[in-house]
Amino acid sequence: MKLGVFTVLFSELGLEPMLDRVAALGLDAVELGTGNYPGNAHCDPDTLLADADKRTALLGAVEERGLVISGLSCHGNPLHPDEAFARESHETWRKTARLAVELGVDVVNCFSGCPGDGPDARAPNWVTCAWPPDYSETLEWQWNEVAIPYWRDEAAFARETGLAKIALEAHPGFLVYNPETALRLREAAGPEIGVNFDPSHFVWQGIDPLAAVRVLGQAGAIFHAHAKDVYLDRANISVNGVLDTKSYSRFADRSWSFRSVGYGQEEKFWRDFVSALRIAGYDGVLSIEHEDGLASIDEGLAKAVDMLQRVLLRDQPAEMWWA
C-alpha cells in the first residue's frame with residue numbers, strides 16, 4: 001500500500017514546489033484537486049484538457065519525483081437546488097472525468113450531493129430522521145427523483161468516457177454518508193459507483209470503520225482511501241450527542257473535531273484499519289487529508305506521515321511454508 005497526500009493543503013505553492021515538498025516527506029502519491037470545494041491550484045481541467053503538452057508536463061513532474069497520482073478530486077454538490085451551483089459542480093465533475101482518462105488516472109473522488117426538500121427549494125436539506133412523515137417523503141423524493149437518475153446517467157457517462165471508478169466520499173450533509181447509503185446508490189446506478197473511504201466521517205457517527213471496510217470491501221466498492229483522524233470529546237457527547245453544528249474552531253465546545261492522524265484514534269486503530277483494507281482487497285493509496293485546526297500544516301502532516309509509515313505494510317507478505 002502506498003502513502004500519499006491530498007494536496008489542497010499546499011494550494012499556495014506552485015505545482016513543482018508542492019511536489020518537492022511531498023517527495024521530501026517520503027510520500028508515494030498525490031491526490032490532486034480539480035475544482036469545486038477543493039479548488040484546482042495544481043490541476044486545472046480546462047487548461048490541461050486543452051493542451052496535451054501540459055498534460056505530459058504534469059505527468060513528467062509527478063513521475064520525476066517517484067510519485068503517482070492516486071486520484072483527481074472535485075467534491076461539489078451537483079444535486080444542489082441552486083441551478084448555477086449544481087451546474088458548476090456537474091461540469092467540473094465531467095471535465096475531471098475526461099481529464100482523469102487522459103492522465104491515466106482511474107478514480108475521481110466526489111460527493112454524492114444533496115438536493116433540497118422539493119423542486120422549489122433554495123438550499124440543500126439533509127434529512128436525519130424519519131418522522132414527522134414530511135422527512136421520509138422528502139428523502140424518497142431526493143433519492144428517486146434526483147439522486148438515482150443523476151448518478152445513473154453519470155455512471156453511464158463514466159463507462160462511455162473510460163473512467164473506471166467514481167469514488168463518492170461518504171460525508172454527513174450529503175445523501176451518501178454511510179455504507180448503507182453508498183451501497184444503495186451503487187446498486188441503483190451501477191458498479192462505477194464506489195467510495196472514497198474516510199474513517200473520520202464514520203467514527204463520529206458511531207460507525208465502526210473496520211466493520212464498514214468489511215461490508216464495502218465485500219461489495220468491491222472501496223475505490224480510494226483517506227487518512228484523517230477525529231477526536232471525540234466524550235464530555236460534550238454525553239450532554240449533546242454527536243450531531244454538532246458549532247463552528248469547527250470551537251474545539252472546547254464541540255462533540256468531535258478533526259485531528260491529525262494519531263491525535264484522535266490510537267496507533268492500534270490505524271494498524272487495524274490498514275490491515276482491514278488489505279483483507280478487503282484494497283491495496284492502493286492511503287491519502288492523508290490534513291484538516292487539523294490545532295496543528296500547522298507542517299506539524300500535522302509530519303506527525304501523520306511518521307505514524308502511517310510505521311503502520312503501512314509496504315510489501316506483499318512473504319509466501320508461507322503452509323500456503
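Here is a quick briefing on the barrel, its helices and its pockets. The model is predicted. At its heart is a closed barrel of eight strands with parallel pairing. Beyond the barrel, we look at two helices that pack on the sheet around β5 and β6, one helix pair, and the two largest pockets.

**The barrel**

- Going round the closed barrel, the strand order is β1-β2-β3-β4-β5-β6-β7-β10.
- On average, neighbouring strands of this sheet are turned by 30° against each other, if you ignore direction.
- For a look at one pairing, take β5 (residues 165–169) and β6 (residues 193–197), which run in the parallel sense and share four bridges.
- Within that pair, A167 sits opposite G194 of β6.

**Helices on the sheet**

- Helix α5, covering residues 133–161, packs on the sheet and touches β5 and β6.
- The direction of α5 makes about 140° with that of β5.
- Helix α6 (residues 179–189) packs on the sheet too, and its contacts are with β5, β6 and β7 (222–227).
- Compare the direction of α6 with that of β6 and you get about 155°.

**The α6–α8 pair**

- α6 also packs with helix α8 (residues 209–218), at an angle of about 10° and with the two axes 10 Å apart.
- Angles under 35 degrees count as roughly parallel, so α6 is roughly parallel to α8.
- On the α6 side the contact is made by P179, A182 and L183, and they meet A212, V215 and L216 of α8.
- Sorted by type, the residues of this contact come out as six nonpolar, no polar and no charged.

**The largest pocket**

- The largest pocket has a volume of about 530 Å³.
- It is lined by 25 residues, and H171, P172, F174, H201 and Y248 are the closest to its centre.
- Its lining is a mix of 14 nonpolar, five polar and six charged residues.

**The second largest pocket**

- Next comes a pocket with a volume of about 260 Å³, the second largest.
- Of its 18 lining residues, V68, I69, S70, D106 and V285 lie closest to the centre.
- Three elements give two or more residues each to this lining: α3 (52–64), β3 (68–73) and β7.
- Two of these, β3 and β7, are strands of the closed barrel.
- β7 is also one of the strands that α6 touches.
- The lining of the second largest pocket splits into eleven nonpolar, four polar and three charged residues.

Conventions
Residues are numbered from 1 along each chain as its sequence is written. This is a predicted model: local features need pLDDT of at least 70, side-chain atom pairs count only at pLDDT 80 or more; totals for chains, interfaces and linings use all residues. Side-chain values use heavy atoms; hydrogens and water are left out. Two strands pair if DSSP finds at least two bridges between them. Axes are lines fitted to C-alpha atoms, for helices over the stretch in contact, and angles run from 0 to 180 degrees between N-to-C directions. Contact means heavy atoms within 4.5 Å. On a 1 Å grid over the protein atoms alone, a cavity is a set of points where a 1.4 Å probe fits but cannot get out, and a pocket is an open set with protein on both sides within 12 Å along at least five of seven lines; lining residues have an atom within 4 Å of a point. Grid points are joined across faces, edges and corners, and a volume is the space filled by probe spheres set on the points. Ala, Val, Leu, Ile, Met, Phe, Trp, Tyr, Cys and Pro count as nonpolar, Asp, Glu, Lys and Arg as charged, and the others, Gly among them, as polar. Angles under 35 degrees count as roughly parallel, over 145 as roughly antiparallel, 65 to 115 as roughly perpendicular and the rest as oblique.
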